[in-house]
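Q: Can you walk me through this model? I want to learn how to read its domains and its chain contacts.

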Amino acid sequence: MTATISLPLTRRDAAVRVARRRAALHWVAVHSLAVAAALFFVLPFVFVFLTSVMTDRQAITADLWPHTWQWDNFVKVWQTDGFLTWWRNTLLYAGLGTVLTVLSSLPVAYALAKFRFRGRNLALMAVISMMMLPPQVIIIPMYLFWAKQLHLTGTLWPLIIPMAFGDAFSIFLLRQFLLTVPKEYIEAARIDGCSEFRTLLKVVVPMAKPAIAAVALFQFFYCWNDYFGPQIYASDNQGAWTLSYGLASFKASHHTNWNLTMAATLLVMAPVIVLFFFAQKAFIEGVTLTGVKG
Amino acid sequence: MHSARRPSRLLAAVTGSAVLALLATACTGTNSAGGQDDSAAGKDVTITFWHGWSQDSETKAIEENVAAFQKAHPNIHVKIVPKIEDEKSEQALRAGGEDAPDVVSSFTTDNVGKFCSAKVWADLNPFLKKDGIDPAKTFPAPMLKYSQFQGNQCSLPLLGDAYGLYYNKTAFAAAGITAPPKTFSEFEAAAAKLTVAEGEGFKQLGFMPAYHGYESSIAHLLGQYGPSYFDGEGKSTVATDPKVGALMEWQKSLVGKLGGFEKLEKYRTGFGDEFSAKNPFHTGQVAMAMDGEWRTAALDEEKLPFEWATAPFPVPDDQAATYGRGYQTGTIIGIARGSQKQTAAWELVKYLTTNTDAVVSFANAIHNVPSTFEALNSPKLTNDPNFRTFIEIAKNPNSSTTPASLNGGAYQVSLQNLGFDYESGKQTDLKAGLAATAKEIDAAVNQAK
Amino acid sequence: MALVGTPVPAALKRKRRREALRTLAFLSPWLIGFAVFFAYPLLSTAYFSFMRYDGFSAPTFRGLQNWSYVFTDYPSFWQGLRNTLWLVVVMVALRVAFGLGIGLLITKVKTGAGVFRTLFYLPYLAPPVAATIAFAFLLNPGTGPVNALLGDLGLPTPGWFTDPDWSKPALTMLAMWGIGDLMVIFMAALLDVPKEQYEAAELDGAGPVQKFRFVTIPNISPIVLFAVVTGVIQTMQYYTQAIVAGKVASGVIGGSGQQFEPGYPNGSTWTLPQMVYNLGFQRADYGSACVVALILFVISMAFTSLLLRRKSGLLASED
């Protein structure tokens, strides 16, 4: 009995072994590729960090490992004229901007996703067009509007106020998500006599929490990273600079102290990355939402 | 869905009227012309002064000067805002409003034409007349030239910059050169002697002739020729003035003699930042450099392993008699045309630009060239011979500057672009290139009219 | 109007009217936003493109002069357009290919997938100004660590941001570093491909390449199209990285009376959006700036219309 089946068994063994070896090779190939890619993505951060703790003399040499660890570079950057102001301004811009965007975009997205009305498609097309519009296209009249009509340049208001009037990208993203909310829930609420606003608040918002979180994060990052807006509207008043704008001028005013510049760079990157670790899931879901299923 | 028409009409009406309302209010009125204040009567006035200096030593020096001014004028208070780039102050002045500065300074004399002609900065002639100051007797001619445009003296010079030659004495001795070169042919010979090859690159280069070699830009080099740039009618002369073509050909031949563009470019991109200890002259990567007088301060601060000195930059062989000249530019200061406190603003401008003690101490503090005759001849001015070189260049009657133009420095950018194309060989027909550049400059000036 | 044709019961009319008002109320923030921050400035941009205006003296009509100036007498326009097109073609293509590759890789990783995914995603979050400054330092030809490493390995050491031939490739590398968004989108799309199709293909004897070609590609092609079109539109707006890289790499900073050279080196990073800024805010020629802005608008909208086609699925709704 053993003899009769031993042969096919060994053959099967061999096949399994070949398959296993192939799988192992495949595993090694895939993972070495992944490690190589990871190096490409991570090494820049490592170099930036290493440089940020060097002396300014060493920062302009090819030596990659700090001779001495100058942790007080971070303290120095923190104490730079204006750095705290930039932080405060960025937080104000990103915080207020995010809240206003969510508040103003949600009802619009809800209407576009769930109401039937004439011109809905047209409105949606308009939203997408706004979303795709390069900000530079309309910057001249917008600048003149804020500078000459309202005299608000040199403050952050030209950046914040528009967010109270719906942000096209957020509207679009929320609308894509709200499409997936089953009609039945909304109709049930309506039958219970809820007003549309109450329905939105009590039924839709709880279901749309992940999408709202994603939109809020995107908007927060957008404001945090924005360079063009502050450059146009806030740059002529240093009291209104944001981190992104201040950072770009940091090197110029520090006469190329690369170590301090890198420390400042890290300090600007850090909050975004910390936030990401707390909200990774919402973020990745949000990115997926922007893509459309064919 | 018949009834749905109503909202869509309503929608259109709302949108439409909103747009119309906005278009109607989109007037773009001119800014008011500014006015006087009561500081002359002893009333307290606070003015805002924006400047572009950013280094600690510089901002401290300007603060000390302003403090001295406030001591002399106890009723005028000055709020100083440092580190302002030109485009920011220009933007603020164009936007107007209460936060706009009263007194502004700029490093970019190229912009004077723009500031004067657009009436962004106020004409200072009435103020000068009122106080009996004769600008021609107060300020050196090139400095006066770059601070005005078509008779409108909308700014005054506040210290100047002059460009000369920095040379590595140690390297000179090693190469057997005894004196700094005075003509272009001497200069070429020195540059070749000082060049030490290493592998495919250089151990030491005599001079970096590329227009990107930090201060060896085309406008600065052209200072050794003294070209006209514009004719009486304001048309570009780059194609008709042989000096421009001559410089470009000379530069290109020098590029060829020192190893060719590619090799030099490879070497140049390895340079450290201009304003750092890795500046190629500091590191010994180049043995000669064209640079401004402020470099003396940076070089003094460091313990360098070699000796260095300064001299006027050489001149073309056929203009040997003009040796001692150089390119000049500087910082300018003026009053916002929209300022409501022009009396007090003028007092500050007058003090900073014409008070000899103020000018001299500021010049000594930040290693810049003083901008009045009196200050240039002041005994209090630093005696450092390396710095003195630049004072002599500034006093030299053959020194020249880039003239103001309606659209700022755009004409230099156009010429510079041609320079890049020509040195790299992308443009081989210099004549055609210069003609096209002249056309481009004229069109851009016309566009600004 | 609603009154024409069969009479509508009054109650129904009231209900419809209420619904219309409700819709309007919900849309109102955006309607105002659309009018004030889109329609009005667009019309105004068109208006200013025919005017001479410097932001100071009152605008005056100058017909087509701005247009002819930009097209015939302003060589930088064509250079900027060429650079923008270069970036649109090369940067978008490489980003999509690389994003797809990384997305594919991450779906195959068995061990530590979560860690790899996070690491691959992180650079996307780096603020553009910070990332650009970091790259300008890393790729600094004289003193940066990348060329130090390349030199040690005996490899060529390009001038990166200081060499006109290498500045756009360096920007492209920076863009590929921040591939996180595309990676996630492609990853989701790849995981959505029905397993049965792969199994069926395997039964037909298809190898990995054939499976990719005949199963994966057809399934994810709408996402690829989406990535390409949005990539093109983003690249049309490419501004911050180009301007910051030029500023930092030029090594020339304020104080010497020299103006910053836009598009350093030799205009090789000079793009259309920077041109709007330069013409408008640095040269105070708002008219010509508006001409360039309109050109930018037309090109962007041409690509947006691709997204608005029914096939793209963006306009899909539940009813």
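Q: How far apart do the C-alpha centres of domain 1 and domain 2 of chain A lie?
A: Start with the centres, then check the bounds. This is a predicted model. In it, the two C-alpha centres in chain A are 44 Å apart. Domain 1 covers 2-52. Domain 2 is assigned in two pieces, 81-242 and 269-290.

Q: How many residues does each chain bring to the contact between chain A and chain C?
A: Count each side separately. Chain A supplies 107 residues, and chain C supplies 101.

Q: How much area do chain A and chain C bury between them?
A: Read the total, then the atoms behind it. The pair buries about 9,000 Å², with 78% of that on carbon and sulfur atoms. On the chain A side, the biggest losses of area to chain C fall on A:Phe41, A:Met132 and A:Ile140. Together these three make up 8% of what that side buries.

Q: Which residues form a salt bridge between chain A and chain C?
A: Look for opposite charges, then check the distance. The interface has 1 salt bridge by the rule used. A:Glu196 pairs with C:Arg22, and their closest N and O atoms are 3.4 Å apart. Polar contacts are counted as well: 11 residue pairs, with both residues at pLDDT 80 or more.

Q: Which helix gives the most to the side of chain A that touches chain C?
A: Map the contact onto the helices. Helix 1 of chain A, residues 2-52, gives the most, with 17 residues.

Q: How do the residues on that side of chain A divide?
A: Sort them by class. The side touching chain C has 77 nonpolar, 21 polar and 9 charged residues.

Note on methods:
Residues numbered from 1 in each chain as written. Chains lettered and ligands numbered in written order. Predicted model: local features only at pLDDT ≥ 70, side-chain atom pairs only at ≥ 80, totals over all residues. Heavy atoms only, no water. Domains from an automatic or database assignment. Contact = heavy atoms within 4.5 Å. Buried area = accessible area lost by both parts, 1.4 Å probe. Salt bridge = Lys/Arg side-chain N within 4 Å of Asp/Glu carboxyl O. Polar contact = N/O pair within 3.5 Å; in protein donor to acceptor, adjacent residues only side chain to side chain. Helix = DSSP H or I, 4+ residues; strand = E, 2+ residues; numbered from the N terminus. Nonpolar A, V, L, I, M, F, W, Y, C, P; charged D, E, K, R; others polar.
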